[in-house]
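Let's take a relaxed walk through this one, stopping at a few spots along the way. Have the sequence and the 3D view ready.

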Amino acid sequence: MKNTLVIPADLKSIEEALNFVSQILENHRVDRKERLKAILVVEEAISSLISHAKNETTIKIAVKYFAGKISIEIMSEGEKYSIANTVKKVAPSAETIESGEIQEVISSVLLKAYANDLRYCHKAGKNYVRMTMYRSNHLPLIKTVSALALAIICGVILLVINNTTLNQTLCHYILVPIKTMFLNSLKAIVAPVVFFSIVTCISSFSNLSELGRVGGKIMLTYLFTTFIAVNVGLMSFFTVQPGRPISNLPTAESVEEVESSLAEVLLNSLVGMVPDNFLKPFFESNMLQLIFLAILCGVAIGMIGEYSAPLKNLIGACNEMFLKITTIIMTFMPLAIFCSITTLILTMGIETLISIIGIVIAFLFGIACMMIIYCLLLLIMGRLNPITFLKKYFPSMLQVFSIAASTPSIPINMKACENQLGIDKRVYSFSIPLGATVNMDGTCIVLAVQTLALAKMYGVYVPPTALITFALSIIVFSIGAPGVPGSLIIIMTALLTQLQVPTEAVEIVMSLGPLLGMFLAASNCLGDVIVTIIVAKSEGLIDMKKYKNK
């Protein structure tokens, strides 16, 4: 079957294009959920190209496959435009709903939800849109698990052989250098990734006057659940107390404790957030100062108005460049995991692995608590029976659990909201894609648990006042998190730097991200649907007969 298709640039040809793409993806044995995601995005991308295409021109679609990745390239002659600029992180206002422009808002939100999978450029009078996807969304998990299993097997075998010279030689000349190069590359991009990601995120929310009542409720509720999730993560850590000080951790550094009054420490933290030099936080990787600058720049760019367009394009281009660098680095993550875990086993033995198990237990405890809180919120704020909800949403949550990713689960959650829960399309068509972008409650829990556990393992004391700024940092990071594979590692590195924990600590939990992804996705998506129901109920936009119907 041909991998290219040329169609007239009109709406009548969209169905032919979608059938073409669907058939090729099916031939490559792409997961059904991934196919559905691709079809939705391709449909919106082709529609945007048609709206900017020249008269009587054509659209060319090419599907390419290489090394487990599939790219869909769409090209058409037409005027230059920007998908990013047509996407708005705003809710449909009452006027928008009445005027029938809801479909435009839905299309914009959908494209924004998958913006990390799309690339656009204009060259020689032609618009190019490219979407990249994996043949199977389980491929990163499979690679990680394989690398982890292989590392444990090799480490145990080398311990059994008990050849000290061989083990030291492997660590010194092969394992440690590879691991160090990977960690150094992460350190090099942490500051720019954090800064440009948050600036891009904040500036996209700048036009607050356009926020409708429904959108305001959705965002406030998402922020509320995020705040709860951070506290649940802290509570889970202090309840389970995972991790214990280990003397021979890599590059462990002694940290001097300074006794100060609570007021003085808090004052110093607040004053220290504002840098006296714009570039200094980048050189020193001072995360609090970087967050302050990013928020300040994001708000300022939004206030400039239409004159900020060139600046937004520049910031967006820098953000895309560093995210692409992150993606390139993360392709070597399985190799880095193999070297890190093997080194840990050879140098530290079973003690570190026991600490890792404790981290997993604390995380799962936090996820369970968060799910209970979701049910309580549904009961108190939504005045709905959570048992009825769980019975109806549980099959969809199992699908999300198996996919192990929030963004590809958007169609599943939308379908559940409409068919099982009776939620009006005007609510879920906005809240679900937006939640997949900004509502990362499970991520907040894992960041709190893992970072504090690593600090404890390194013997770093975290005072109560530092926990306040630490919690605020997690909230900001979860909203403006880079949407690329391995972003959790980037954020973790930034948080470790903030707590003065050696960034090498990230190698201890580097392999846990994909393994915990299923629980993260289930928690994140459950939170999205709960918020959607609560807002829909408050607006009277839910069919109670369908919700209660078994």
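Is Ser48 buried or exposed? With a relative accessibility of 13%, Ser48 counts as buried, because the cut-off for that label is under 20%. Keep in mind as you look around that this is a predicted model.

## The big picture

Start by zooming out. The chain is built with 23 helices and five strands. Of its 550 residues, 52% are buried. The accessible surface of the chain adds up to about 25,000 Å², and carbon and sulfur atoms account for 62% of that.

How do the contacts spread along the sequence? Take the contacts between residues at least 6 apart in sequence: 80% of them join residues that are at least 24 apart.

## Around helix H2

Now back to Ser48, which sits in helix H2, the stretch covering residues 32-51. A polar atom of the Ser48 side chain lies 2.6 Å from the backbone oxygen of Ala45.

Val42 is found in helix H2 too. Val42 has a relative accessible area of 2%, so Val42 is buried. Which residues does Val42 touch, leaving out those up to four places away in sequence? They are Leu18, Val21, Ile72 and Ile74. You can also check Val42 against Ala17: the two are 25 residues apart along the chain, and their C-alpha atoms are separated by 8.7 Å.

## Aromatic rings

Next, the rings. A pair of aromatic rings is described by how far apart the centres are and by the angle between the planes. In this model there are seven aromatic pairs. Phe195 and Phe278 make an edge-to-face pair, because their planes stand at 85°, with the ring centres 6.3 Å apart. This pair links distant parts of the chain, 83 residues apart: Phe195 is in helix H7 (residues 164-204), while Phe278 is in the loop between helix H9 (262-272) and helix H10 (280-284). The two partners also differ in cover: Phe195 is buried at 6% relative accessibility, whereas Phe278 is partly exposed with a relative accessible area of 43%.

Another aromatic pair is formed by Phe237 and Phe238, again edge-to-face, with 5.0 Å from centre to centre and 75° between the planes. Here Phe237 counts as buried at 6% relative accessibility, and Phe238 counts as partly exposed at 42%. To see rings gathered in a group, look for the aromatic cluster formed by Phe195, Phe196, Phe278, Phe282 and Phe322.

## Salt bridges

How many salt bridges does the structure hold? The count is two. One of them joins Lys64 and Glu73, whose closest N and O atoms are 3.6 Å apart. Lys64 is partly exposed at 45% relative accessibility, and Glu73 is partly exposed as well, with a relative accessible area of 27%.

In the other salt bridge, the side chains of Glu539 and Lys217 meet at 2.6 Å, N to O. This pair connects distant parts of the chain, with Glu539 in helix H22 (residues 512-539) and Lys217 in helix H8 (residues 213-240), 322 residues apart. Why does Glu539 count as buried? Its relative accessibility is 18%, and buried means under 20%. Lys217, at 28% relative accessibility, counts as partly exposed.

## A nonpolar patch on the surface

Last stop: the outside. Phe224, Ile372, Leu376, Leu379, Ile380 and Met381 make a nonpolar surface patch of about 580 Å². Which helix gives the most to the nonpolar patch? Helix H14, running over residues 350-380, does, with four residues.

Leu379 is found in helix H14, and it is also one of the residues that make the patch. Leu379 has a relative accessible area of 45%, so it counts as partly exposed.

Terms used: Residues are numbered from 1 along each chain as its sequence is written. This is a predicted model: local features need pLDDT of at least 70, side-chain atom pairs count only at pLDDT 80 or more; totals for chains, interfaces and linings use all residues. Side-chain values use heavy atoms; hydrogens and water are left out. Helices (H or I, at least four residues) and strands (E, at least two) are DSSP runs, numbered from the N terminus. Buried means under 20% relative accessible area, exposed over 50%, partly exposed in between (1.4 Å probe, protein chains only). Contact means heavy atoms within 4.5 Å. Accessible areas come from the Shrake-Rupley method with a 1.4 Å probe; for residues, only the protein chains shown count as cover. Patches are made of residues with over 30% relative accessible area and no salt bridge: like charges are joined within 9 Å, nonpolar side chains (Val, Leu, Ile, Met, Phe, Trp, Tyr) within 5 Å. A salt bridge is a side-chain nitrogen of Lys or Arg within 4 Å of a carboxyl oxygen of Asp or Glu. A polar contact is a pair of N or O atoms within 3.5 Å; within protein, one must be able to donate a hydrogen and the other to accept it, and residues adjacent in sequence count only if both atoms are side-chain atoms. Rings of Phe, Tyr and Trp (its six-membered ring) pair if their centres lie within 6.5 Å; planes under 30 degrees apart count as stacked, over 60 as edge-to-face and the rest as tilted.
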